Amino acid sequence: MTADVTYAPDRIGYRYGVADDNYSKGYHRGQDVREKGPRGGSVVTQVDAIDDGVVVYVGRPNSLLEATVVIDTGRAEGRFESHSHMADVCVSVRDRVTSGQRLGRNAGMDERPGFIDGPHDHVTITDRLDGAWMTWVGEYDPLPFMQAAYARATAPASPSPNPLEDDTMLMLKINSPSGPHLCSLSTGVFRHFIPEDPTDKIMRLSRIQDDWQDVELSELPALLRTYGCDLAIWDLQGDKFVVLDPLDGSVKSGNMWSAANAARAGVAQVKVTSEQTRAYLAKLTKS
Ligand SMILES: [Zn+2]
């Protein structure tokens, strides 16, 4: 997954701290963010907030920085994040912004470009609101701030504490001789809903009712294997489709059937009634 933010690693331009006599301090005080065009020149890009914060300044502090936005991020060190050489600004003072939010766009090729690099976002991080243009104020290398924000934006979502809220969960309507049975299936977890389960709970799990997928009972073993529920035990009992708790073979709902549970109990202990289930189990214990 890549975050579509302008400070992505492949857009890091002219580095902070490079010695350069064009600047009054003798070096580049900011970190440039740009996108190379097909002929090597920079192209217009959007300008994104690096961290969450509140817009505390929109204006033109001088002719070098041009249109500039400053965000108060509240950080203990490097509290103010400023973006310069902007063409259009789409935020206002007192706006609350979040990391990755569009602030506007860079100056285009035909507009006045930035001092060095053609159109780019010149980012300065300091401890003062006006630190970007008060050159006697110390500043920080913005790159680590960008890298940290990028890492947060691209980090895989932490696993849900409740696997039933997993986005990849399939909602199955399994057709059996006794009628359809509602089940959910996600990685490693198979769950069978019985009429005693509250309807609103089942609906909440499915989110969109139309998402129920019709599945034949005979297709279930293959589906379970695909989702890593190889040892979940389903059965037909008294002409009813049920899922057996692999711990003791009892019919249960509202529980999770996992390979780990089944391994602990040993699939052989489960009392099965249908030939289909028996054949499935025989295949499992053989392999
Ligand atoms: Zn710059």
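Here are some notes on this predicted model, starting with confidence and then going through the strands, the sheet and one helix.

1. Confidence first. The mean pLDDT of the protein comes out at 78, with 75% of its residues at 70 or more. By element, strand S11 (residues 139-140) has the highest confidence, at 96, while helix H4 (residues 259-265) has the lowest, at a mean of 58. I'd keep H4 and its mean of 58 in mind when reading the rest.

2. Two stretches to flag. Residues 109-114 stay under 50 in pLDDT, yet the model still gives them 13 contacts beyond four places in sequence. The pLDDT is also below 50 over residues 160-166, and that stretch has 8 contacts beyond near neighbours in sequence.

3. The overall make-up. The protein has 17 strands and 5 helices. Of its 287 residues, 32% count as buried. Taking the contacts with a separation of 6 or more, 56% are between residues 24 or more positions apart.

4. Strand S10 is a good place to start on the details. In S10 (121-126), 6 of the 6 residues are buried, so the strand is largely enclosed by the rest of the structure. In a regular strand, side chains alternate between the two faces of the sheet. Both faces of S10 are covered: Asp121, Val123 and Ile125 are buried on one side, and His122, Thr124 and Thr126 are buried on the other.

5. What does S10 pair with? Strand S1 runs antiparallel to S10, with 3 bridges joining them, and here Gln31 sits opposite Val123. S11 is antiparallel to S10 as well, through 2 bridges, with Ile125 facing Tyr140 of S11. S7 pairs with S10 in the antiparallel sense too, over 5 bridges. In that pairing, His83 has Val123 as its bridge partner, and Ser82 has Thr124. Val123 therefore turns up twice, as the residue opposite Gln31 and as the bridge partner of His83.6. Strand S7 is also well covered. Of the 10 residues in S7 (residues 80-89), 7 are buried. Besides S10, S7 pairs with strand S6 (residues 67-72) in the antiparallel sense over 5 bridges, and Val70 has Ser82 of S7 as its bridge partner. Ser82 is also the bridge partner of Thr124 in S10. S7 pairs with S9 as well, antiparallel and over 3 bridges; there, Val89 is matched with Gly104 of S9.

7. A closer look at Leu103, which lies in strand S9 (residues 102-106). Is Leu103 buried or exposed? Leu103 counts as buried because it has 23 C-beta neighbours inside 10 Å, and the cut-off for that label is 20 or more. Leaving aside neighbours within four places in sequence, its contacts include Val47, Asp48, Ala49 and Val69. His83 and Val89 are also among the contacts of Leu103, as are Cys90, Val91 and Val97. Val91 is 12 residues away from Leu103 along the chain, and their C-alpha atoms are separated by 5.7 Å.

8. Helix H1 passes a simple geometry check. At 1.5 Å a residue, the 13 residues of H1 (residues 142-154) should span 18 Å, and the end C-alpha atoms are 18 Å apart, which agrees. In H1, Pro142, Phe145, Met146 and Ala149 are buried. These four cover an arc of only 100 degrees around the axis, which means they are on the same side of H1. The buried residues of H1 pack against strand S1 (31-33), S10 and S11. Both S1 and S11 are joined to S10 by bridges.

9. Then there is the open sheet. Which order do its strands take? The 4 strands run S14-S13-S12-S15, with mixed pairing. Strand S14 (189-192) and strand S15 (213-216) are at the edges with a single partner strand each, so each has one side without a neighbour in the sheet. From one strand to the next, the twist averages 35 degrees.

10. Last, the S12 and S15 pairing in that sheet. Strand S12 (residues 170-176) and S15 pair in the parallel sense over 4 bridges. Within this part of the structure, Leu172 stands opposite Gln213 of S15.

Technical notes:
Residues are numbered from 1 along each chain as its sequence is written. This is a predicted model: local features need pLDDT of at least 70, side-chain atom pairs count only at pLDDT 80 or more; totals for chains, interfaces and linings use all residues. pLDDT is the predictor's confidence in each residue, from 0 to 100. Two residues are in contact if their C-beta atoms, placed from the backbone, lie within 7 Å. A residue is buried if 20 or more other C-beta atoms lie within 10 Å of its own, exposed if 12 or fewer, and partly exposed in between; C-beta atoms are placed from the backbone. Two strands pair if DSSP finds at least two bridges between them. Axes are lines fitted to C-alpha atoms, for helices over the stretch in contact, and angles run from 0 to 180 degrees between N-to-C directions. The expected span of a helix is 1.5 Å times one less than its number of residues. The arc is that of the directions from the helix axis to the C-beta atoms.
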